[in-house]
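User: I've got a model open and want to walk through it. Can you take me around?
Analyst: Sure, ask away.

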Amino acid sequence: MPFNIEEILDILEQEVRSYQVPVVDLIAVQTNDPYKVLVATILSARTRDEVTATAAARLFAQAPTLEALALLDEETLQRLIFPVGFYKNKSRYLAALPGILAQDFSCQIPSEIDQLITLPGVGRKTANLVRAQGFGKSAICVDTHVHRIMNIWGYVESVTPLQTEMMLRNKLAEKYWIRVNSLLVAFGQQTCRPVSPHCDSCVVSQFCPRIGVTPRKIKPSASSQPTGIKRMISWNVNGLRAIVGKGFLDIVKDLAPDILALQEIKAMPEQLPDAVRELAGYNSYFHSASKKGYAGVAVYSRIAADKVYYGIGDHRFDEEGRVLTLEFSDFYLVNCYFPNARHDLSRLGLKDDFNRALHLFLEDLARHKSVVVCGDFNVAHTEKDLARPAANVMNAGFTAEERQWMDSYVKTGWIDTFRHYNQEAGHYSWWSYRLGARARNIGWRIDYFFVDTASKSRMVDAHIMNEIHGSDHCPVVLDFK
Ligand code: SF4
């Protein structure tokens, strides 16, 4: 097939109508405001669109204009835009922006590339995007997707985005200049992905020479796979080495889970006995904290994971070994050990940051396939989830802030699997070691299995094994098909 760029871009114009609109385009269309386009573009560098959108919304609520931005200090900006990538640098750029614009451009956003690139945090790509989206003026923004896809098509042969931009300026009709970036960003995020592009479902596959491409391999459909039910168990063991001395291996043998997700293992793999590090019949995965004897998570799975993800991309949590994700052919298992807000609530802010970052991480995964998230959430959601709610309203694990995050989680469609099957009070997964709390069932339900809303029909059962001892937590169970 001859390669006709105009025909291809026209096909993609139709195709991306059903795609998610890139966040900067959305802000441009919604606001028609060069200031907001500039700020959103700065925020969007090396950041997922979902994260940029929520950070921009928080920032614009406080700083809808350049004048309002000038009133915010760097620390406030950091808080507002976290967790966008390089948020500290970006806060510094945004703090400096009003002064530089006042000094050099009479408090106006300039529209020329040479002027825009003098602003802090603005490179050529950002400048082109602001000129195109913020002012509707002729410019070719060359995002990584544009550079990559144009080379895959053989339309340009270039090494750097700047070379691609210059080549496109010479050969691409000007009517496509503003639009080409939005088209190829949307197309590159959803179909022609950087890793394993979806050539099998691509609307321009018949024209594409696929230069340097390894297309994705299609996995068998769910209906052609065994339909067995998987038993998953999540358990905060409060020290894996300690619980080994309390019959852990025999308990696991009796319970015979398909997947066993552990939290608070408090050990590096090399500190574990061989029989625990390499549990017979299972594939073992560990994400330990860098601090010895602290936090950490592990997963044992009968089936080997296709991929393993350590952490969620934020060093504050990743170095504490908080999240371990296993990817299987038709679902993700995300094992989490949420930070504790502490008795004096000194880590409540950090926990809120973790909740927010994890929530985005999970939403992102759920766009691809089923997600099962389990672990010690360190929060009782409702008054039914602890024995003495009135006495604990100000205490870590039952503060309004922590419970509100659980509300937001449920409101966005995540299903608390235990509550799906059981609405009774009095079912707990953690008891203090003090004052015979477990014997008197004065406990909290802080260990959960959640699934994304689209996976509701895959749930079979969920329950709590409060008869299993060995830790101050007991195992919680999800049967999933
Ligand atoms: S056929 Fe594959 S490589 Fe070519 S544009 Fe489509 S998704 Fe990208």
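**Helices, sheets and odd spots**

Analyst: Start with helix 9, residues 124–135: its 12 residues reach 16 Å from first C-alpha to last, close to the 16 Å expected at 1.5 Å a residue. The expected span is 1.5 Å times one less than the number of residues. Helices here are DSSP runs of H or I with at least four residues, strands are E runs of at least two, and both are numbered from the N terminus. This is a predicted model, where local features need pLDDT of at least 70, side-chain atom pairs count only at pLDDT 80 or more, and totals for chains, interfaces and linings use all residues. Residues are numbered from 1 along each chain as its sequence is written.

User: What is the mean pLDDT of the chain?
Analyst: The mean is 92, and 97% of the residues reach 70 or more. pLDDT is the predictor's confidence in each residue, from 0 to 100.

User: Where does pLDDT stay under 50?
Analyst: Over residues 218–226, for which the model has 4 contacts beyond four places in sequence. A contact means two C-beta atoms, placed from the backbone, within 7 Å. Where pLDDT is low, the predicted coordinates should not be read in detail.

User: Back to helix 9. Is it mostly covered or mostly open?
Analyst: Helix 9 is mostly covered, with 10 of its 12 residues buried. Buried means 20 or more other C-beta atoms within 10 Å of the residue's own, exposed means 12 or fewer, and partly exposed is in between; C-beta atoms are placed from the backbone. The buried residues include Lys125, Asn128, Arg131 and Gln133.

User: What covers them?
Analyst: The cover includes helix 2 (23–31), helix 3 (34–44), helix 8 (113–116), helix 11 (161–171) and helix 12 (177–190). Just after helix 9, Gly136 takes a positive phi of about 70°.

User: And helix 12, how many of its residues are buried?
Analyst: In helix 12, 10 of 14 are buried. Among them are Ile178, Leu183, Leu184 and Phe187. Their cover includes helix 1 (5–15), helix 2, helix 9 and helix 10 (144–152).

User: Switching to sheets. What is the strand order in the one with strand 14?
Analyst: That open sheet has 6 strands in the order 3-4-2-1-14-13, with mixed pairing. Its edge strands, each pairing on one side only, are strand 3 (283–287) and strand 13 (459–464). Strands count as paired if DSSP finds at least two bridges between them. Strand 2 (residues 259–263) and strand 4 (residues 297–301) run antiparallel over 5 bridges. Gln263 sits opposite Val297 in strand 4.

User: What about the sheet with strand 5?
Analyst: Also an open sheet of 6 strands with mixed pairing, in the order 5-6-7-8-12-9. Strand 5 (307–310) and strand 9 (415–416) are the edges. Helix 17 (residues 348–366) packs on this sheet, touching strand 6, strand 7 and strand 8 (370–376), and its direction makes about 150° with that of strand 8. Axes are lines fitted to C-alpha atoms, for helices over the stretch in contact; angles run from 0 to 180 degrees between N-to-C directions.

User: Which residues have the most contacts inside the largest nonpolar core?
Analyst: Val299, Val372 and Phe449, in a core of 70 residues. A nonpolar core is a set of buried Ala, Val, Leu, Ile, Met, Phe, Trp, Tyr and Cys residues joined through C-beta atoms within 7 Å. A second, separate core of 55 residues includes Val84, Tyr87, Ala139 and Ile149.

User: Why does Gly397 count as buried?
Analyst: Because Gly397 has 22 C-beta neighbours inside 10 Å. Gly397 is in the loop between strand 8 and helix 18 (400–411). Residues it touches include Ala341, Trp444 and Ile446.

User: And Asp364, what does it touch?
Analyst: Arg48 and Glu50, leaving out residues up to four places away in sequence. The C-alpha atoms of Asp364 and Arg48 are separated by 9.2 Å, though 316 residues apart along the chain. Asp364 is partly exposed because it has 15 C-beta neighbours inside 10 Å.

User: Where is there a cis peptide bond?
Analyst: From Phe82 to Pro83, with omega near 10°. Pro83 lies in the loop between helix 6 (74–81) and helix 7 (87–105).

User: What is phi at Asn441?
Analyst: Positive, about 55°, although Asn441 is not a glycine. Asn441 counts as exposed, with 12 C-beta neighbours inside 10 Å. Asn238 also has a positive phi, near 50°.
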